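The following note sets out numbered comments on the structure shown below. Each point takes up one part of the chain.

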Amino acid sequence: IYLRIANPDDRVMALDVSQVFELEGETLVYSAAREFQYDGVDIEVCVFYDIGDEELLPGTYYVDLYMDGEHVGTTSFSLR
(Lines give C-alpha, C1' and ligand atoms only; values in the text may rest on other atoms or scores of the structure.)
Protein backbone atom coordinates (compact mmCIF):
# COMPACT_ATOMS: atom_id res chain seq x y z
CA ILE A 1 0.00 0.00 0.00
CA TYR A 2 1.37 3.43 -0.91
CA LEU A 3 0.61 6.59 1.06
CA ARG A 4 0.87 10.05 -0.52
CA ILE A 5 0.55 13.13 1.67
CA ALA A 6 0.27 16.49 -0.08
CA ASN A 7 0.93 19.58 2.03
CA PRO A 8 -1.02 22.87 1.72
CA ASP A 9 1.39 23.93 -1.07
CA ASP A 10 0.26 20.78 -2.99
CA ARG A 11 3.75 19.25 -2.67
CA VAL A 12 3.95 15.52 -1.94
CA MET A 13 5.79 15.03 1.32
CA ALA A 14 8.59 12.51 0.82
CA LEU A 15 11.90 12.08 2.59
CA ASP A 16 13.38 10.52 -0.55
CA VAL A 17 12.12 11.58 -4.00
CA SER A 18 13.40 8.29 -5.42
CA GLN A 19 10.50 6.55 -3.62
CA VAL A 20 8.20 6.07 -6.61
CA PHE A 21 5.55 3.72 -7.94
CA GLU A 22 3.80 3.40 -11.28
CA LEU A 23 0.10 4.15 -11.76
CA GLU A 24 -1.52 4.07 -15.20
CA GLY A 25 1.78 4.81 -16.93
CA GLU A 26 2.64 7.70 -14.60
CA THR A 27 5.46 7.68 -12.05
CA LEU A 28 4.33 9.00 -8.66
CA VAL A 29 6.38 9.86 -5.58
CA TYR A 30 5.03 8.39 -2.36
CA SER A 31 5.40 9.48 1.26
CA ALA A 32 5.46 6.00 2.82
CA ALA A 33 4.66 2.41 1.91
CA ARG A 34 3.80 -0.78 3.71
CA GLU A 35 3.84 -4.34 2.44
CA PHE A 36 1.47 -6.85 3.98
CA GLN A 37 -0.01 -10.27 3.28
CA TYR A 38 -3.74 -10.26 2.54
CA ASP A 39 -5.44 -13.65 2.85
CA GLY A 40 -9.05 -12.63 2.14
CA VAL A 41 -9.75 -11.77 5.78
CA ASP A 42 -10.24 -8.21 7.10
CA ILE A 43 -7.07 -6.89 8.73
CA GLU A 44 -5.95 -3.55 10.14
CA VAL A 45 -2.94 -1.97 8.47
CA CYS A 46 -1.11 1.17 9.61
CA VAL A 47 1.26 3.20 7.46
CA PHE A 48 3.44 5.75 9.26
CA TYR A 49 5.21 8.78 7.83
CA ASP A 50 8.11 10.27 9.79
CA ILE A 51 8.33 13.99 8.96
CA GLY A 52 12.01 14.14 9.87
CA ASP A 53 13.14 17.78 9.79
CA GLU A 54 10.33 18.84 7.47
CA GLU A 55 8.30 21.85 8.59
CA LEU A 56 4.55 21.34 8.95
CA LEU A 57 2.67 24.25 7.43
CA PRO A 58 -0.73 25.42 8.62
CA GLY A 59 -3.51 24.48 6.20
CA THR A 60 -5.16 21.46 4.63
CA TYR A 61 -3.23 18.26 3.89
CA TYR A 62 -4.56 15.64 1.48
CA VAL A 63 -3.87 11.94 1.94
CA ASP A 64 -4.27 9.36 -0.83
CA LEU A 65 -3.86 5.57 -0.62
CA TYR A 66 -2.98 3.31 -3.54
CA MET A 67 -2.93 -0.46 -3.67
CA ASP A 68 -2.53 -2.99 -6.48
CA GLY A 69 -2.34 -0.24 -9.10
CA GLU A 70 -5.51 1.53 -7.99
CA HIS A 71 -6.47 4.58 -5.96
CA VAL A 72 -8.31 3.14 -2.94
CA GLY A 73 -8.95 6.08 -0.65
CA THR A 74 -8.64 9.77 0.08
CA THR A 75 -9.00 11.98 3.11
CA SER A 76 -7.81 15.33 4.37
CA PHE A 77 -6.96 17.03 7.63
CA SER A 78 -6.12 20.59 8.65
CA LEU A 79 -3.41 22.00 10.88
CA ARG A 80 -3.49 25.44 12.45
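1. E24 lies in the loop that connects β2 and β3, where β2 covers residues 20-23 and β3 covers residues 26-29. In this predicted model, the phi angle of E24 is near 50 degrees, a positive value in a residue that is not glycine. E24 counts as exposed because its relative accessible area is 78%, and the cut-off for that class is over 50%.

2. A second residue deserves the same attention. D68 is placed in the loop between β5 and β6, and its phi is also positive, near 50 degrees, again in a residue other than glycine. With a relative accessible area of 73%, D68 is exposed. The two strands that flank this loop form a hairpin with 2 residues between them, and D68 sits in the turn.

3. E24 and D68 also belong to a surface patch of negative charge, in which they gather with E22, E26 and E70. By the strand limits, E22 falls within β2 and E26 within β3, while E70 falls within β6, which spans residues 70-79.

4. The overall fold may be stated briefly. The chain contains 6 strands and 0 helices, and the pattern along the sequence is β-β-β-β-β-β. The C-alpha trace spans about 40 × 30 × 20 Å along its principal axes. Of the 80 residues, 26% count as buried.

5. Four of the strands make up an open sheet in the order β4-β1-β5-β6, with antiparallel pairing. β4 (32-33) and β6 stand at its edges; each has a single partner strand, so one side of each is left without a neighbour in the sheet.

6. The pairings at the two ends of the sheet can be described individually. At one end, β1 (residues 2-6) and β4 run antiparallel and are joined by 2 bridges; in this pairing, Y2 has A33 of β4 as its bridge partner. At the other end, β5 and β6 pair in the antiparallel sense over 9 bridges, and Y62 stands opposite S76 of β6. In a regular strand, side chains alternate between the two faces of the sheet.

7. Which residues form the salt bridge, and how far apart are their closest N and O atoms? The structure holds 1 salt bridge, formed by E54 and R11, with the closest N and O atoms 2.4 Å apart. E54 lies in the loop between β4 and β5 and R11 in the loop between β1 and β2, so the pair ties together parts that are 43 residues apart in sequence. E54 is buried, at a relative accessible area of 18%, whereas R11 counts as partly exposed at 40%. Side chains of opposite charge can pair when their charged atoms come close.

8. The loop between β4 and β5 also holds Y38; β5 itself covers residues 59-67. Y38 counts as exposed because its relative accessibility is 52%, the cut-off being over 50%. Together with I43 and V45, Y38 makes a nonpolar surface patch of about 280 Å².

Terms used
Residues numbered from 1 in each chain as written. Predicted model: local features only at pLDDT ≥ 70, side-chain atom pairs only at ≥ 80, totals over all residues. Heavy atoms only, no water. Patch = residues over 30% accessible without salt bridge, like charges linked within 9 Å, V, L, I, M, F, W, Y side chains within 5 Å. Areas by Shrake-Rupley, 256 points an atom, 1.4 Å probe, with all protein chains shown as cover. Salt bridge = Lys/Arg side-chain N within 4 Å of Asp/Glu carboxyl O. Lys, Arg positive; Asp, Glu negative; His and termini not counted. Charge placed at Lys NZ, Arg CZ, Asp CG, Glu CD. Pairing = 2+ DSSP bridges. Buried < 20%, exposed > 50% of the residue type's maximum accessible area, 1.4 Å probe, protein only.
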